[in-house]
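Please follow the chain through its strands and helices, and then turn to the aromatic side chains. The paragraphs below take these topics in order.

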Amino acid sequence: MRCAHIWFNEITERSEHTPSHFVSRISFSLPPPYLINSDAMLNLTNLTLRRGPKVLLQGAELTVHRGQKIGITGGNGTGKSTLLALVRGELEPDAGEFTLPPALVIAHVAQETPATPTPALEYVLAGDEELAGIRAELATAERDADGVRQAVLHARLEAIGGYSAEARAARLMHGLGFSSSELSQPVSAFSGGWRMRLNLARALMCRSDLLLLDEPTNHLDLDAVFWLEEWLRGYPGTLLLISHDREFLDRVVEGIVHLERQSLTLYPGNYSQFEVRRAERLAQQQAAHEKQEREVAHIRRFVERFRAKATKARQAQSRLKQLARMELIAPAHVDSPFHFEFRPPEKLPDPLLTLERVSGGYSEAAVFNGAGLSLRAGSRLGLVGPNGAGKSTLIKILAQELAPLAGQSFRAPDLKVGYFAQHQLEQLDPEASALLHMRRLDPLAPEQALRDFLGGFGFCGDEALRPVAPFSGGEKARLVLALVVYQRPNLLLLDEPTNHLDLDMRHALTLALQDYEGALVLVSHDRHLLASVTDELLLVAEGKVLPFDGDLEDYRRWLAERRSREEEGGAAEPVAHGAAARKEKKRLEAERRQRLQPLRKALEKLEKEMDGLNRDKAAVEQRLADPGIYEAAGKDELRQLLLDQARIDQALAIAEERWLELGEELEAAS
């Protein structure tokens with residue numbers, strides 16, 4: 001069998017501002033006979049692929065069928081993006097065969113966006129090349145007064161939904177966070193991140209057979225991630241998706257292609273199912289199995305600590321499920337090159353930082369008002385809210401990168417802030433190495449100690465000596481994180497820390513944050529990270545910063561309801577005013593407090609009981625860790641300790657179940 005020859009055939013006129021590589025129709029000469037009546041979309045047979053001298057794939061085999069949604073995973077540098085470049089026709093295999101069906105329409109997201117004056121809506125509309133071609137032909141027919149040709153073209157427009165194309169493009173843009181007023185703004189008016197959203201909308205506008213997406217969530221907030229997730233679930237074509245967001249993969253794909261050791265392995269099911277299967281394979285190696293056990297023990301210790309202080313039932317229940325799931329996730333990452341931890345902060349003042357009636361915004365235009373916040377050691381806050389509501393603004397105020405428009409900020413004298421934001425990646429010295437960046441932080445530290453520390457972030461051997469200039473986005477993000485971690489902050493502010501990080505590094509960051517002793521404030525579209533390391537959500541929306549009583553699924557529902565109200569043009573419920581209304585409100589609140597008091601007392605009593613049981617359990621486990629207890633003389637004591645351990649575990653399980661039930665009753669009554 002021989003590899004079909006691929007060429008790009010541009011079938012429509014383009015705007016001078018349209019990137020020529022954006023959407024392509026692909027045709028073949030002499031397609032292999034087996035493809036004529038096959039549902040195979042993509043075939044790789046004994047394929048070898050290189051980038052420069054590096055062999056990325058050797059003897060790779062893969063078949064993807066029409067309509068399948070496949071996630072592509074693997075460590076940085078294993079060849080995920082190169083594989084998509086092969087599918088786009090930008091590369092040819094070095095050996096073996098690669099085939100696609102004839103006349104295939106492929107859409108992908110352009111990495112560059114020209115600073116064109118074209119209105120944003122028109123730029124997105126150009127993603128539907130067939131529509132653009134028909135419109136160009138129609139303009140010519142109208143100029144030539146060719147009535148017959150006009151009738152034919154209008155029929156074609158009707159057949160492809162051309163008359164509703166503007167509405168379709170506007171829906172795509174709204175889903176990705178653009179406001180109605182921004183649809184007519186020129187592309188040049190948008191920042192780099194928003195231009196990437198325009199490119200994504202343009203790719204989705206194409207009525208493609210095959211959609212290629214490489215980290216599409218990197219420039220999106222959580223709201224847009226939720227929307228894109230639902231759009232892709234309904235996409236009728238074939239999808240190849242590179243993503244390091246496990247929740248996103250779980251909800252969108254039905255198979256995982258994993259790149260590892262120059263080969264491709266296709267696993268059926270979503271990403272969570274892939275992790276379990278890969279963990280089972282790794283566990284067959286004894287060294288890997290022992291490392292798995294250590295990681296699972298680490299997570300269990302965190303679960304015990306969480307149980308002792310959790311107070312919100314719905315969030316607690318969601319969190320316990322998330323942590324239980326992490327025990328399954330950990331074994332799949334035991335061969336990760338990334339392992340690091342936060343050293344204890346030198347000082348932990350209480351409180352670390354307090355905001356009182358703070359307003360935040362730019363140029364005297366506030367995006368939120370009256371925000372109050374007190375951060376103590378152990379505070380773990382996740383910020384959620386619609387795009388532009390002020391999440392990053394709040395973090396910048398906490399980091400003192402932005403002054404509040406009003407209100408007061410009280411900072412402890414020993415406060416030490418560790419701040420991670422995307423703009424810091426560009427502030428690295430391009431000529432300096434990772435080791436030199438570390439040396440500038442701590443000139444007196446031994447070089448080997450700095451190298452050992454950098455090794456936990458994947459900068460081993462000569463990698464620590466390379467200049468930063470050619471670093472990938474993932475490498476820069478890892479270096480900035482290393483610099484933040486090394487400084488032992490007691491307040492950690494993370495604004496989208498997982499952009500550009502692969503799944504192994506995200507897992508290592510999650511484990512490290514679980515043991516972090518200071519206060520944490522996190523903005524992230526990575527739901528797994530949010531659910532695994534934060535105890536409380538703050539909703540930044542509609543000009544306010546308030547506690548959000550629920551988990552991320554509740555927030556998804558809140559967003560859906562909000563979007564539904566906006567689409568229907570509905571207004572919020574009227575607010576009662578006047579002295580009588582205020583008096584009635586106070587009376588109802590007093591009744592509610594009185595009704596909830598018995599539940600609160602029962603919950604507090606149960607939490608104290610669980611604290612005592614956890615202390616008893618720790619004492620028993622400490623005694624069982626003594627090797628002497630397993631000698632013949634300690635047989636009776638050992639038997640009693642094992643009975644005590646079983647009794648405590650059973651009592652804890654019963655108390656925990658009752659604790660969750662009482663919490664739900666309290667929440668329902670509230």
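In this predicted model, strand β3, which covers residues 40-51, is joined to β6 by 4 bridges, and the two strands run antiparallel. One position to look for is Thr-45, whose bridge partner in β6 is Glu-97. These strands belong to an open sheet of 3 strands, arranged in the order β4-β3-β6 with antiparallel pairing. Its edge strands are β4 (54-65) and β6 (95-99), each of which pairs on one side only. On average, and with direction ignored, neighbouring strands of this sheet are turned by 15° against each other. Helix α2, made of residues 80-88, packs on the sheet and touches β3, β4 and β6, while its direction makes about 120° with that of β3.

Further along the chain, the pairing is of the parallel kind. Strand β7 (residues 104-108) pairs with β8 in the parallel sense over 3 bridges, and within this pairing Ala-107 stands opposite Leu-211 in β8. Strand β8 is also joined to strand β9 (residues 238-242), here by 5 bridges and again in parallel, with Leu-213 standing opposite Leu-241 in β9. Together with helix α8 (residues 222-233), β8 and β9 make a right-handed β-α-β unit. Of the 5 residues of strand β8 (residues 210-214), 4 are buried, so the strand is largely enclosed by the rest of the structure.

The aromatic side chains offer another way through the model, since a search of the whole structure finds 12 aromatic pairs. In one of them, the ring centres of Phe-342 and Tyr-516 lie 5.0 Å apart and the planes stand at 55°, so this pair is tilted. Phe-342 lies in the loop between α12 (313-329) and β12 (353-362), and Tyr-516 in the loop between α17 (503-514) and β18 (519-523), so the pair ties together parts that are 174 residues apart in sequence. Both Phe-342 and Tyr-516 are buried.

Another aromatic pair, formed by Phe-453 and Tyr-486, is edge-to-face, with 5.1 Å from centre to centre and 75° between the planes. This pair links distant parts of the chain, 33 residues apart, with Phe-453 in helix α15 (residues 447-455) and Tyr-486 in helix α16 (residues 473-486). Phe-453 and Tyr-486 are both buried. Over the face of Tyr-486 lies Arg-343, at 4.8 Å from the ring centre, and the charged end of Arg-478 sits over the ring of Phe-459, 5.0 Å from its centre. Elsewhere, ring pairs link Phe-226, Phe-548, Tyr-555 and Trp-558 into a cluster.

Notes: Residues are numbered from 1 along each chain as its sequence is written. This is a predicted model: local features need pLDDT of at least 70, side-chain atom pairs count only at pLDDT 80 or more; totals for chains, interfaces and linings use all residues. Side-chain values use heavy atoms; hydrogens and water are left out. Two strands pair if DSSP finds at least two bridges between them. Axes are lines fitted to C-alpha atoms, for helices over the stretch in contact, and angles run from 0 to 180 degrees between N-to-C directions. Contact means heavy atoms within 4.5 Å. Buried means under 20% relative accessible area, exposed over 50%, partly exposed in between (1.4 Å probe, protein chains only). A crossover is right-handed if, with the strands pointing away from the viewer, the path from the first strand over the helix to the second runs clockwise. Rings of Phe, Tyr and Trp (its six-membered ring) pair if their centres lie within 6.5 Å; planes under 30 degrees apart count as stacked, over 60 as edge-to-face and the rest as tilted. A charge sits over a ring if NZ of Lys or CZ of Arg is within 6 Å of the ring centre and within 35 degrees of the ring normal.
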